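This briefing covers selected strand and helix packing in one chain. Please look over the sequence and the structure before reading on.

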Amino acid sequence: DQYGDRWIEPGFYWSNGPYVLTEWMHDDHIVLEKNPYWWGADEVQIERIYGLMVADASTTFAMYEANELDVTSPALEEMDRLKIDPLLNKELYIASRDCTYYYGFTTNKPPLDNVLVRKALSAAIDRQGLIDNVTKGGELPANTFASATIFGNAAGDPDIAPWALDYELGKEKAQEWLAEAGYPDGEGFPTITLMHNTSEKHARIAEAIAAMWKDVLNIEVTIEDWKWLVYLKTLQKETPLEEMPHVWRLTGCADYADENNWVHEIFHAEQGLNWPRATRSEFEEFTEAAQIETDPEKRKALYKQAEKILCEEEARMAPIFYYTTVSLTKPWVTYRTYGEMGGTSFFQWKLDWEAKKAASGM
């Protein structure tokens, strides 16, 4: 209350972890320094962490190769080389992560107020092709919102949106649904807007999916790119409908490994974030029943029904792929950790400072 929006800035932000935020130059860098008052401070070897904020993945990869960065995520166009390069391949780490990449639909904005249109858009996405040719990080195609790491998940269950896992079936169903919605072969379908936040990766994915929609459905898509804070503000419920994009990109990651965190807290029409602006249906009833059910098997069954409504019957969103952690780490950084549910335990890492200086010519 005393500092308003500045409460998260260095000098105002209160914390009790192994590091202290000492500097934050917005859109440029942050500095974390070891907290000498932390209970395990004697075991924290790295004294200072300098985190650069660079939106261009190609730039960060070039900096990594020049030994200007110790840790980064690789640029998409470098993935093929990384997998065969004898040195970089040893520094590459790929593992499953409980996050899902998805496109949300503004369900009350024409023509997406027609569920058949939303289903057609979801079914026309070649998820495996996108992974093989664009992201290349070993991700898994998604037919549900929550991944296989979450309690109550139905990931890969053929009872839910089987066309999301079979592109030939998906194309057939997509064309069928769009025609049933009154737009055979895209005839009369208005140009829709697909919005994503600034990122090379998001841009490439959007371009690929827009091309799929053109190829399968013969529809036109305008892609918009916005800085993160403006983008996030645009998706809020207060934004006038005419200013909302038809389709928008987000990622769902677990705060805790239970479906309640996914289907209820994010998509519930009244108690969740509800960026799709959906109205109450059986979906909400299933998630509410699962909240108070004590039998784990019954909870799973309820969440399966909720996922089926969310991703197939009402298609409030289009799950695209389940994330992997894809990271590059220099050999002088050891005891590197990877949080399955987000967060990075820098305090456990070790740095061979002499090896780093030698490689960097210091």
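The points below concern a strand pair and two helix-helix contacts.

The model is a predicted one. Strands β7 and β8 pair in the parallel sense, and helix α7 joins them in a right-handed β-α-β unit. Helix α7 also packs against α6, while α10 packs against α11.

**Strand pair and β-α-β unit**

- Six bridges link β7, residues 192-197, with β8, residues 221-226.
- Within this pairing, Met 195 of β7 stands opposite Glu 224 in β8.
- The helix of the right-handed unit, α7, spans residues 200-217.

**Contact of α6 with α7**

- Helix α6 (residues 167-180) packs on α7 at an angle of about 65°, and the two axes are 10 Å apart.
- Angles of 65 to 115 degrees count as roughly perpendicular, and α6 and α7 are therefore roughly perpendicular to each other.
- The crossing of α6 and α7 is right-handed.
- From α6, Tyr 167, Lys 171, Ala 174, Gln 175 and Leu 178 meet Met 212, Val 216 and Leu 217 of α7.
- By class, six of the residues in this contact are nonpolar, one is polar and one is charged.

**Contact of α10 with α11**

- Helices α10 (residues 282-292) and α11 (residues 296-313) pack at about 155°, with axes 9 Å apart.
- Angles over 145 degrees count as roughly antiparallel, and α10 and α11 are therefore roughly antiparallel to each other.
- Helix α10 crosses α11 in the left-handed sense.
- Residues in the contact include Phe 283 and Phe 286 of α10, and Leu 302 and Ile 309 of α11.
- The contact of α10 with α11 comprises nine nonpolar, three polar and two charged residues.

Note on methods
Residues numbered from 1 in each chain as written. Predicted model: local features only at pLDDT ≥ 70, side-chain atom pairs only at ≥ 80, totals over all residues. Heavy atoms only, no water. Pairing = 2+ DSSP bridges. Helix = DSSP H or I, 4+ residues; strand = E, 2+ residues; numbered from the N terminus. Right-handed = clockwise from strand over helix to strand, strands pointing away. Axes fitted to C-alpha atoms, helices over the stretch in contact; angles between N-to-C directions. Parallel < 35°, antiparallel > 145°, perpendicular 65-115°, else oblique. Left-handed = near helix turned anticlockwise from the far one by under 90°. Contact = heavy atoms within 4.5 Å. Nonpolar A, V, L, I, M, F, W, Y, C, P; charged D, E, K, R; others polar.
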